Amino acid sequence: MFTFYNPHNNDLYNNLVKLSRNIFFYKDISLKDDFDTRIILIFLHFLIIIKKFKKGKFPQKLFDNIFQNIEYNLREEGYGDVSVNKKMKILNKIFYDILLKLEKTNSDKFIINNEILIKYLNSKNSDNRNNISKLSNYFGTFNDFCFELDDVSMLKGQINFKY
């Protein structure tokens, strides 16, 4: 009935937040620095990490913890119970939309679907095509980095990615 928050299991989430706060996104790409943009960036990083694991191998507790942290952050932003539920429903739809369309499968190499980047990440800069290319390169590099890490360190949030 009640879910209990485990504050000692936030290493992966905290690292995802750190990745979403990379100055590259806000200075070089000119993304809007707001809650929604950061959540989308967290989702993109998180889905690439999940993709590394075979189906069913990613721990459900960590998955639940990520969404529970997002819910608590919404509450800290001042959203009420009804608003949190509505927002979480929208964020879940976005998460699964990105999950289903994340990767173009033309080759064995990871290529992020640029339509997802265009749909969910709006740049304040007018040079959108160049920004999408930069974002695509970033997430391709992040994907390659994640596939070189061992599973245990990744699940512990020990992702020291620099771009």
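Here is a short chat between a student and a tutor about this predicted model.

Student: Let's start inside. Which helix gives the largest share of the largest nonpolar core?

Tutor: That core has 52 residues. Helices that give two or more residues to it include α1 (11–20), α4 (60–76) and α7 (128–148). The largest share is eleven residues, and it comes from α3.

Student: Which residues have the most contacts inside that core?

Tutor: Take Ile98 as a way in: leaving out residues up to four places away in sequence, isoleucine 98 touches Ile40, Leu47, Ile116 and Tyr120, among others. Phe43 and Leu44 are also among the residues that isoleucine 98 touches. The residues with the most contacts inside the core are Phe43, Leu44, Phe46, Ile49, Ile98 and Phe139.

Student: I see lots of rings. How are the planes of phenylalanine 53 and phenylalanine 58 arranged?

Tutor: The whole structure has 22 aromatic pairs, so there's plenty to pick from. In this one, the ring centres are 5.3 Å apart and the planes are at 80°. Planes over 60 degrees apart count as edge-to-face, so the pair of phenylalanine 53 and phenylalanine 58 is edge-to-face.

Student: And are those two rings buried or exposed?

Tutor: Phenylalanine 53 has a relative accessible area of 10%, and phenylalanine 58 has 12%. Under 20% counts as buried. So phenylalanine 53 is buried, and phenylalanine 58 is buried.

Student: What lies over the face of phenylalanine 53?

Tutor: Look for a charge above the ring. The distance to the ring centre is 5.8 Å, and the residue is lysine 52.

Student: How many residues apart are phenylalanine 67 and phenylalanine 95?

Tutor: Their ring centres are 5.0 Å apart and their planes are at 85°, so this pair is edge-to-face. Phenylalanine 67 sits in helix α4 and phenylalanine 95 in helix α5, so the pair links distant parts of the chain. Both phenylalanine 67 and phenylalanine 95 are buried. Along the sequence, the two are 28 residues apart.

Student: Serine 30 looks odd to me. What is its phi near?

Tutor: Find serine 30 in the loop between α2 and α3; the residue is buried, with a relative accessible area of 15%. Most residues other than glycine have a negative phi. Serine 30 has a positive value, near 60°.

Student: Now the charges. Which residue joins glutamate 71 and arginine 75 in a network of salt bridges?

Tutor: Glutamate 71 and arginine 75 are four residues apart in helix α4, so about one helical turn separates them. Their side chains meet in a salt bridge (3.0 Å, N to O). Glutamate 71 is partly exposed at 28%, and arginine 75 is partly exposed at 30%. The network of salt bridges links these two with Asp81.

Student: Is aspartate 97 buried or exposed?

Tutor: Aspartate 97 forms a salt bridge with lysine 101 (2.8 Å, N to O), four residues away in helix α5. Lysine 101 is partly exposed at 37%. Aspartate 97 has 13% relative accessibility, so aspartate 97 counts as buried.

Student: Last one: how far apart are the closest N and O atoms of lysine 32 and aspartate 34?

Tutor: The structure holds nine salt bridges, and this is one of them. Lysine 32 is partly exposed at 40%, and aspartate 34 is partly exposed at 27%. A salt bridge needs a nitrogen within 4 Å of an oxygen, and here the closest N and O atoms are 3.9 Å apart.

Note on methods
Residues numbered from 1 in each chain as written. Predicted model: local features only at pLDDT ≥ 70, side-chain atom pairs only at ≥ 80, totals over all residues. Heavy atoms only, no water. Core = buried A, V, L, I, M, F, W, Y, C linked by side-chain atoms within 4.5 Å. Buried < 20%, exposed > 50% of the residue type's maximum accessible area, 1.4 Å probe, protein only. Contact = heavy atoms within 4.5 Å. Phe/Tyr/Trp six-rings, centres within 6.5 Å; stacked < 30°, edge-to-face > 60°. Lys NZ or Arg CZ within 6 Å of the ring centre and 35° of its normal.
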